[in-house]
Amino acid sequence: MSVIEVNGITKDYGNHQGVFDVNFTVEKGEVLGFLGPNGAGKTTTIRQLMGFIKPDQGTVHIQGMDCFKNAPEVQAQLGYLPGEIAFMDDMTGMDFIEFVANMKNIQDMSKAKELIEFLELNPKNKMKKMSKGMKQKIGLVIAFMQDAPILILDEPTSGLDPLMQNKFVELIHKAKKEGKTILMSSHIFEEVEHTCDRVVIIKEGEIVATEKMEDLRHSRRKYYEICFHDVKEATLFHQQYPESQVRDTVVSLSLQGSADTLIKALSQYTIDDLSVRVQSLEELFLHYYGGNQS
Ligand SMILES: Nc1ncnc2c1ncn2[C@@H]1O[C@H](COP(=O)(O)OP(=O)(O)OP(=O)(O)O)[C@@H](O)[C@H]1O
């Protein structure tokens with residue numbers, strides 16, 4: 001049994017808005033990245049996982065429990081960071097953290113204190129005076145303070161500066177080492193690359209790809225720019241690789257996989273210069289966002 005099981009859920013808001021026949025699982029100890037453009041259906045899916053809304057069709061289970069029917073029991077096992085946090089503006093950050101800790105019956109605040117220190121958060125300020133990043137840190141303290149076995153994080157680094165984004169990556173690595181199961185939605189490809197074992201990509205309410213991060217890494221293309229000694233050689237090579245582009249003595253070529261055949265072919269020519277750039281994960285994801293899965 002997977003820790004999180006999303007089975008064919010549909011939540012139809014009309015005009016093809018919502019989510020449609022969404023299926024995926026998250027295994028114990030796995031970090032799953034849930035990616036997709038704005039309005040794709042990430043938060044709608046997460047809200048069904050939290051038991052806040054009932055799917056029109058399909059079911060969502062966490063630890064074998066139906067997320068809607070057994071919402072209180074399911075929520076008790078979860079550390080949750082909502083995409084938009086509703087704060088009590090007149091409370092200080094610490095008051096709010098303690099308020100949630102009371103609600104969740106958390107007695108031991110040592111983890112919360114550790115997180116406040118780690119995230120360099122001053123929780124004494126009133127919430128209404130806090131920046132978006134400071135509020136996000138409060139949300140992270142609340143999500144992680146319970147030491148829950150499952151974490152559901154909706155855009156966890158939204159509003160955080162690069163230093164704090166790195167600290168967040170550290171938090172995820174630590175949680176993963178402790179065997180926690182994590183689902184996080186994100187728009188930040190670099191953070192996904194550094195944390196996730198697998199990614200599920202949603203677009204217009206439908207899952208368009210489910211990929212292991214390791215496979216994605218290997219499937220990245222390489223862009224070669226080869227500067228030949230003269231135009232004649234560049235033209236000759238271009239005929240050998242018709243998918244390449246030639247401009248004077250420079251040939252540009254993109255390839256997937258091993259460079260062995262290319263290098264052997266190039267050894268027949270006089271090469272003045274050669275540069276290689278690896279496709280970024282961002283380019284690879286945007287390719288999926290664009291809908292072309294080839
Ligand atoms: N309560 C609602 N009533 C009507 N439409 C809704 C409701 N909630 C969400 N939607 C619509 O469903 C679609 C999916 O929204 P959702 O918030 O799940 O997207 P998202 O992937 O989380 O986007 P973002 O990255 O912008 O946060 C959007 O078109 C949104 O306008």
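The questions and replies below concern the ligand and the domains of a predicted model.

Me: What makes the pair formed by Asn 38 and the ligand a polar contact?
Reply: A polar side-chain atom of Asn 38 lies 2.9 Å from an oxygen atom of the ligand. The cut-off for a pair of N or O atoms is 3.5 Å, so the pair counts as a polar contact.

Me: Why does Ala 40 count as making a polar contact with the ligand?
Reply: In Ala 40 a backbone N or O atom takes part, 3.1 Å from an oxygen atom of the ligand. That distance is within 3.5 Å, so the term applies.

Me: What makes the pair of His 187 and the ligand a polar contact?
Reply: Between a polar side-chain atom of His 187 and an oxygen atom of the ligand there are 3.0 Å. This is within 3.5 Å, therefore the pair is a polar contact. The ligand on its own has 640 Å² of accessible area, and the protein covers 62% of that.

Me: Which pocket holds the ligand?
Reply: The ligand sits in the second largest pocket. To say so, more than half of its atoms must lie within 2 Å of the grid points of that pocket. Two elements, β2 (17-26) and α1 (42-49), each give two or more residues to the shell around the ligand. The most comes from α1, with three residues.

Me: Why is Lys 42 said to be near the ligand?
Reply: Lys 42 is among the closest of the 13 residues that surround the ligand. A residue is near if one of its heavy atoms lies within 4 Å, so Lys 42 qualifies.

Me: How do the residues of the shell divide?
Reply: Three are nonpolar, eight polar and two charged.

Key:
Residues numbered from 1 in each chain as written. Predicted model: local features only at pLDDT ≥ 70, side-chain atom pairs only at ≥ 80, totals over all residues. Heavy atoms only, no water. Polar contact = N/O pair within 3.5 Å; in protein donor to acceptor, adjacent residues only side chain to side chain. Areas by Shrake-Rupley, 256 points an atom, 1.4 Å probe, with all protein chains shown as cover. 1 Å grid on protein atoms, 1.4 Å probe; cavity = no way out; pocket = protein on both sides within 12 Å on 5 of 7 lines; lining within 4 Å. Helix = DSSP H or I, 4+ residues; strand = E, 2+ residues; numbered from the N terminus. Nonpolar A, V, L, I, M, F, W, Y, C, P; charged D, E, K, R; others polar.
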